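Hello,

Here is the structure I promised to hand over. Please have a look at it first; my notes follow below.

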Amino acid sequence: MAAPGENLRINADRLWDSLMEMAKIGPGVAGGNNRQTLTDADSEGRKLFQKWCEDAGMTMGVDTMGNMFMTRPGTDPDALPVYVGSHLDTQPTGGKYDGVLGVLGGLEVVRTMNDLGIKTKHPIVVTNWTNEEGTRFAPAMLASGVFAGIHSLDEAYAKEDHEGLKFGDELKRIGWVGDEEVGARKDKMHAMFELHIEQGPILETEGKDIGVVTHGQGLSWTQVTITGKDSHTGSTPMPMRKNAGLGMARILELVDEIAWSHKPHAVGAAGHIDVYPNSRNVIPGKVVFTIDFRSPDINVIAAMEEDMKKGAKKICDMMGLEVEFEKVGGFDPVTFDENCVTAVRNAAERLGYTHQNIISGAGHDACWINKVAPTAMIMCPCVDGLSHNEAEEISKDWAKAGTDVLFHAVVETAEIVE
């Protein structure tokens, strides 16, 4: 396959202007964005993306999960498309770049191809996957998961937000139920590339322009319920207490020790914690929390889970507490396609960008799509590794470098027609 010349680069100013224009839709309260999935702001962002893509000569398809597919035709009508994209939805206190860079970077790839008069054998499809964040309708990566056959459409439509509103109803309300069968494209994909900010500190700390993502961490969520006895904090003697909160504290320390014992790539913590009755002068009689273990090695995840359960049971037995475990989520580690990863690495080298292999610590749509098509990810640094926060920030140079590499990897994979 012919590679684009090393002098061919994207228009950084145009990309940055598009990022800033999209950020005006669903503004946050502290400089970021609140453009949660299937809200009016989400619909407005979709319409702007549609307009930009159609102005660039692309045609739109939308499936029954609201996934948007914007197509630039190739020269061979029988050639399978190369997909590129990410998501436009954000956290309630999200940044301007998480997901959005990957979608608008894909648009910039097509705009640059138009500027340079580049034709490819394979069509290019710029994609906006619905509800990647999962903040309003759990789980995360919901629509790409339905697309890849991980979840059913009925299951997704029935998901409810905290107000009891259903995913299917809200998708219909904002007018983004497409007529394509979700997943009908999954056997007709040549490859997919996703550009994303790292959401971690490694690339900035190491002074690298590009992260060549070779793997995605697997994830395991175990909900732990500890039951003791709620009683007065002042009048209950220490030997007579059944403090569920203290049991949780000791288990969380154990979780940290377990993660450290499987360094350098394993991590573990509890993010969601509910304490009952959560009163200042009542010893907690019940706690419910979710332990999040991650590793690129499925055997390590299994070992961490087992060590946690044994250790937690021992702690609770010694304290006279009851403990229950429920697996509430997770997915296996991801190994991205070797050829696609090589295309990303070669592009970075061709363009003179510093780079290193990296493992994605977060889940992304590419992790599900990798199950049905050759897939790879590109990462660029973000300031202090901060994400899922309105203070999330990247530089224009980082955005340009990541999108330059995306452009070269996509165009090379789609095969330039001279």
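In which loop does Asn131 lie? Asn131 sits between strand S5 (124-128) and helix H4 (142-147). Keep in mind that this is a predicted model.

Asn131 is a good place to start. Its phi is positive, about 55 degrees, although Asn131 is not a glycine. Most residues other than glycine have a negative phi. Asn131 has a relative accessible area of 1%, so it counts as buried.

Asn131 also helps to line the largest cavity. The structure holds one cavity of 30 Å³ or more. The volume of the largest cavity is about 30 Å³. Its lining also includes Asn128, Trp129 and Thr130. Thr37, Asp42, Arg46, Leu88 and Asp89 line it too. By type, the lining has two nonpolar, four polar and three charged residues.

His388 also has a positive phi, near 55 degrees, and is a residue other than glycine. His388 is in the loop between S16 and helix H12 (396-414). Is His388 buried or partly exposed? With a relative accessible area of 39%, His388 is partly exposed.

Now the strands. S6 covers residues 191-197, and seven of its seven residues are buried. In a regular strand the side chains alternate between the two faces of the sheet. In S6, Ala191, Phe193, Leu195 and Ile197 point one way. Met192, Glu194 and His196 point the other way. Both sets are buried.

S6 has these partners. Strand S3 (residues 82-86) runs parallel to S6, joined by three bridges. One pair is Val82 with Ala191 of S6. Strand S16 (residues 375-380) is also parallel to S6, over six bridges. There, Glu194 has Met377 of S16 as its bridge partner.

His196 of S6 turns up again in the UniProt record. An unreviewed entry gives the feature "binding site" at His87, Asp98 and His196. Why do they gather at one spot? They span 110 residues in sequence, yet no two of their C-alpha atoms are more than 9.7 Å apart, so they come together in space. His87 is in the loop between S3 and H3. Its relative accessibility is 0%, so His87 counts as buried.

Helix H3 (residues 100-116) has 17 residues. At 1.5 Å a residue they should span 24 Å, and the end C-alpha atoms are 24 Å apart, which agrees. H3 is mostly covered, with 14 of its 17 residues buried. Gly117 follows H3 and has a positive phi, near 65 degrees.

The same kind of UniProt source, an unreviewed entry, lists residues 217-311 as "domain: Peptidase M20 dimerisation". That stretch is 34% helix and 36% strand. Its end C-alpha atoms are 24 Å apart.

Two cis peptide bonds deserve a look, since most peptide bonds are trans. Lys263 and Pro264 are joined by a cis bond, with omega about 10 degrees. Pro264 is in the loop between helix H8 (244-261) and strand S10 (267-276). Tyr276 and Pro277 are also joined by a cis bond, with omega about 0 degrees. Pro277 is in the loop between S10 and strand S11 (282-283).

Last, Asp337. It lies in the loop between strand S14 (334-335) and helix H10 (338-351). At 22% relative accessibility, Asp337 counts as partly exposed, because buried means under 20%. Asp337 and Ile301 are 36 residues apart in sequence and 22 Å apart in space, C-alpha to C-alpha.

Best wishes

Methods. Residues numbered from 1 in each chain as written. Predicted model: local features only at pLDDT ≥ 70, side-chain atom pairs only at ≥ 80, totals over all residues. Heavy atoms only, no water. 1 Å grid on protein atoms, 1.4 Å probe; cavity = no way out; pocket = protein on both sides within 12 Å on 5 of 7 lines; lining within 4 Å. Points joined across faces, edges and corners; volume = space filled by probe spheres on them. Nonpolar A, V, L, I, M, F, W, Y, C, P; charged D, E, K, R; others polar. UniProt positions renumbered as here; feature names shortened; annotations may be inferred. Helix = DSSP H or I, 4+ residues; strand = E, 2+ residues; numbered from the N terminus. Buried < 20%, exposed > 50% of the residue type's maximum accessible area, 1.4 Å probe, protein only. Pairing = 2+ DSSP bridges. Expected span 1.5 Å × (residues − 1).
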